[in-house]
Amino acid sequence: MRKLPGVINAQQFSIEVICEIFSLARFMRKTAPTGLLAGKILCSIFYEPSTRTRISFEIAMTQLGGAVISTENAREFSSAAKGEKLEHTMRVISGYNPDVIILRYDAQGGAEIARKYSKVPIINAGDGDGQHPTQGLLDLFTIGEYYPSNEELVIALVGDLRCGRTVRSLCYLLPKCYRKIRIYLVSPSQLRMKDDIKNYLSGRRVYFEETEDFEGVLRKVNIVYLTRVQVERHEKNELLKRALEKVAPNFRMTWERAEMMQKDAIIMHPLPINDEVDLEVDKNHRAVWFRQSDNGLPLRKALLVMTINGY
Ligand code: CP
């Protein structure tokens with residue numbers, strides 16, 4: 001039986017493994033099996049707030065018959081508050097033998113450190129401005145429900161591309177499934193995608209274009225994927241915050257802008273939404289963010305089963 005060694009980043013997945021995850025996620029959605037993880041323990045350690053990732057993982061584990069031990073604010077309620085380093089926390093918690101640790105950390109590289117020091121598999125639930133691979137997978141899963149992988153995909157990633165970890169994971173995953181793909185990177189100049197991702201896309205000969213012309217790309221794309229400005233990562237930069245306030249309206253999704261898109265195009269967002277999307281856009285038939293968040297449950301069930309039991 002093959003097992004996932006955990007989930008650290010999006011690069012780790014081959015197309016074959018992605019297909020197996022998606023196939024199991026579809027099965028989980030259709031049949032909702034119980035008892036598959038009876039007697040198993042998930043430990044979720046979150047150094048940053050979360051609604052979707054933590055709760056969907058914990059519900060997934062519970063519905064599959066397993067138990068959950070959780071700290072939702074590890075900075076305050078674990079010994080991190082007394083200065084303990086992640087390396088020691090991971091050695092200690094994994095020494096108690098949970099079957100998997102779900103970790104959200106507040107700095108890039110946290111999941112990799114955890115992997116090195118833990119005796120049990122780690123699932124990266126977001127590490128600073130690094131990656132959010134399980135969100136990337138559920139985004140790709142959702143995209144696949146609208147656009148088959150043999151078609152050309154044209155997608156605009158919009159917003160804080162510098163610190164938005166979901167778009168970073170998605171950039172690693174998209175070229176694995178879509179051979180013909182064009183990516184527009186739409187952001188204010190201060191929030192451009194970092195070079196590591198651009199180098200990866202160039203290395204895979206993926207066409208991408210950086211632009212600030214949000215309205216200009218709306219008609220060209222199948223998908224607009226919006227992200228909020230990661231204010232928690234820019235808090236100390238007052239100059240940047242003031243500059244962004246001025247340009248924010250240029251990147252906001254309004255009803256009128258949604259209607260500029262093709263009729264069968266979709267608008268995605270990992271959530272939470274701030275001011276970058278008007279609330280009324282929820283009602284536009286193109287908006288699929290609640291489909292994305294719903295897909296988080298079967299997708300994370302699949303990841304838990306494949307990591308704990310194997311497949
Ligand atoms: N999309 C996402 O990661 O949401 P949470 O921060 O609420 O988990």
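Let's start with one pair of residues: Ile101 stands opposite Ile122, which sits in strand β4. What we are looking at is a predicted model, so please keep that in mind throughout. The pair belongs to a longer partnership, in which strand β3, residues 100-105, is joined to β4 by four bridges, and the two strands run parallel. As a reminder, strands of a sheet pair through backbone hydrogen bonds, and the pairing can be parallel or antiparallel.

How does the chain get from β3 to β4? It crosses through helix α5, residues 110-117, and this β-α-β crossover is right-handed. Now look at β4 itself, residues 122-127: six of its six residues are buried, which leaves the strand mostly covered.

Let's stay with α5 for a moment. Which of its residues are buried? They are Gly110, Ala111 and Ala114. If you look down the axis of α5, these buried residues fall within an arc of 95 degrees, so they line one face of the helix. And what do they pack against? Their partners are α4, residues 86-95, together with β3 and β4.

Let's zoom out to the sheet. It is an open sheet of four strands, in the order β2-β1-β3-β4, and the pairing is parallel. β2, residues 67-71, and β4 are the edge strands, each pairing on one side only. From one strand to the next, the twist averages 15 degrees.

On the β2 side, five bridges join β1, residues 41-46, to β2, and these strands run parallel. Here you can find Ile41 opposite Ala67 of β2. Next come the helices on the sheet. Helix α2, residues 52-63, packs on it and touches β1, β2, β3 and β4, with a direction that makes about 170 degrees with that of β1. Helix α4 packs on the sheet too, touching β1, β3 and β4, and its direction makes about 160 degrees with that of β3.

My last stop is a pair of helices. Two packed helices are described by the angle between their axes and the distance between those axes. What are these values for α6, residues 133-146, and α13, residues 289-308? The angle is about 115 degrees, and the axes lie 9 Å apart. The crossing in which α6 passes α13 is right-handed. Many residues make this contact, including Leu137, Leu138 and Phe141 of α6, and Asn295, Gly296 and Leu299 of α13.

If you want a place to begin exploring on your own screen, go back to Ile101 and Ile122, opposite each other in β3 and β4. Thanks for listening!

Terms used. Residues numbered from 1 in each chain as written. Predicted model: local features only at pLDDT ≥ 70, side-chain atom pairs only at ≥ 80, totals over all residues. Heavy atoms only, no water. Buried < 20%, exposed > 50% of the residue type's maximum accessible area, 1.4 Å probe, protein only. Pairing = 2+ DSSP bridges. Right-handed = clockwise from strand over helix to strand, strands pointing away. Arc of directions from axis to C-beta. Contact = heavy atoms within 4.5 Å. Axes fitted to C-alpha atoms, helices over the stretch in contact; angles between N-to-C directions. Left-handed = near helix turned anticlockwise from the far one by under 90°.
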